[in-house]
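Reader: I've got a chain I'd like to talk through with you. Can you put it up so we can go over it together?

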Amino acid sequence: MLLFGAAAGVFALRAEAFDRYGHAVAAITMFVLVVADVAVNAVNLHRGRRGTHAPVRRMNRYAWIVLGMVGFAAASGVLGLLGVEHWLLVLEAGLIGCFGVFWGLQTVELWNQGLRPAPPAAPPAEAPTEASTH
């Protein structure tokens, strides 16, 4: 709601700026939130399966997808610096493709169970003892 309110305010007060920059700001915001969503799912998958019969590594399938998304962003940035005309199209297609893979994998994973249960909270760190500080 906050983002929508900010966009509506810019539209009302500075329509020419909204017209010029609105798409870029919306696209960047959307892709950042998509990458963040995949990253949160990677962490939740790891935490949710700790101590079960089917544990998952920290670097699980969703973490690899995040790495792929970051890789596409970096490679596309290099293409842009090299003057490749359609670098932005490569970036958007790569991110959308990675998200499609994530969505497909998550659909298969959760098809029968529905939403993944909330992961258990991380165990609290133990306070150092006097013996461990010497």
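Reader: Let's start simple: what percentage of the residues of the protein chain count as buried?

Author: Keep in mind that this is a predicted model. A residue goes in the buried class when its relative accessible area is under 20%. Across the 134 residues of the protein chain, the share that makes that cut is 20%.

Reader: And what pattern does the protein chain follow along the sequence?

Author: There are zero strands to place here, and the secondary structure comes to four helices. Going along the sequence, that reads as α-α-α-α.

Reader: How much of the accessible surface belongs to carbon and sulfur atoms?

Author: The protein chain has an accessible surface of about 10,100 Å². The part of it that carbon and sulfur atoms account for is 70%.

Reader: Among contacts between residues at least 6 apart in sequence, what share join residues at least 24 apart?

Author: A contact here needs heavy atoms within 4.5 Å. Take the ones in the protein chain whose partners sit at least 6 apart in sequence, and the share with partners at least 24 apart is 60%.

Reader: On to the helices. Are H2 and H3 roughly parallel or antiparallel to each other?

Author: Helix H2 covers residues 15-49, and its axis comes within 8 Å of the axis of H3. The two cross at roughly 155 degrees, in a left-handed crossing. The contact draws on residues including Val38, Ala42 and Leu45 of H2, and Ile65, Val66 and Met69 of H3. Angles over 145 degrees fall in one class, so H2 and H3 are roughly antiparallel.

Reader: What about H2 and H4, roughly parallel or antiparallel?

Author: The axes of H2 and H4 come within 11 Å and cross at roughly 30 degrees. H2 passes H4 in a left-handed crossing, with Phe31, Val34 and Asp37 among the H2 residues in contact and Leu95, Ile96 and Phe99 among those of H4. The cut-off that matters this time is under 35 degrees, so H2 and H4 are roughly parallel.

Reader: Then there's the remaining pair to ask about: at what angle do H3 and H4 pack?

Author: The axes of H3 and H4 are 8 Å apart. Their angle makes H3 roughly antiparallel to H4. In the contact, H3 brings residues including Gly68, Phe72 and Ser76, while H4 brings Trp87, Gly94 and Cys98, among others. The angle itself is about 175 degrees.

Reader: Which residue does Glu109 meet in a salt bridge?

Author: Glu109 lies in helix H4 (residues 87-110), and the pair links distant parts of the chain, with its partner 48 residues away in helix H3 (residues 61-81). Glu109 counts as buried at 16% relative accessibility, whereas the partner is partly exposed at 33%. The N to O distance is 3.7 Å, and the partner is Arg61.

Reader: How many salt bridges does the structure hold?

Author: We've just gone through the pair of Glu109 and Arg61. Glu16 also forms one with Arg14, the closest N and O atoms being 3.0 Å apart, and Arg14 is partly exposed at a relative accessible area of 47%. The total for the structure is two.

Reader: Last one: how far apart in space are Arg47 and Ala118, C-alpha to C-alpha?

Author: Arg47 is in helix H2 and is partly exposed, with a relative accessible area of 32%. In sequence, Arg47 and Ala118 are 71 residues apart. In space, their C-alpha atoms are separated by 9.1 Å.

Conventions. Residues are numbered from 1 along each chain as its sequence is written. This is a predicted model: local features need pLDDT of at least 70, side-chain atom pairs count only at pLDDT 80 or more; totals for chains, interfaces and linings use all residues. Side-chain values use heavy atoms; hydrogens and water are left out. Buried means under 20% relative accessible area, exposed over 50%, partly exposed in between (1.4 Å probe, protein chains only). Accessible areas come from the Shrake-Rupley method with a 1.4 Å probe; for residues, only the protein chains shown count as cover. A salt bridge is a side-chain nitrogen of Lys or Arg within 4 Å of a carboxyl oxygen of Asp or Glu. Axes are lines fitted to C-alpha atoms, for helices over the stretch in contact, and angles run from 0 to 180 degrees between N-to-C directions. Angles under 35 degrees count as roughly parallel, over 145 as roughly antiparallel, 65 to 115 as roughly perpendicular and the rest as oblique. A crossing is left-handed if the near helix is turned anticlockwise from the far one by less than a right angle, and right-handed if clockwise.
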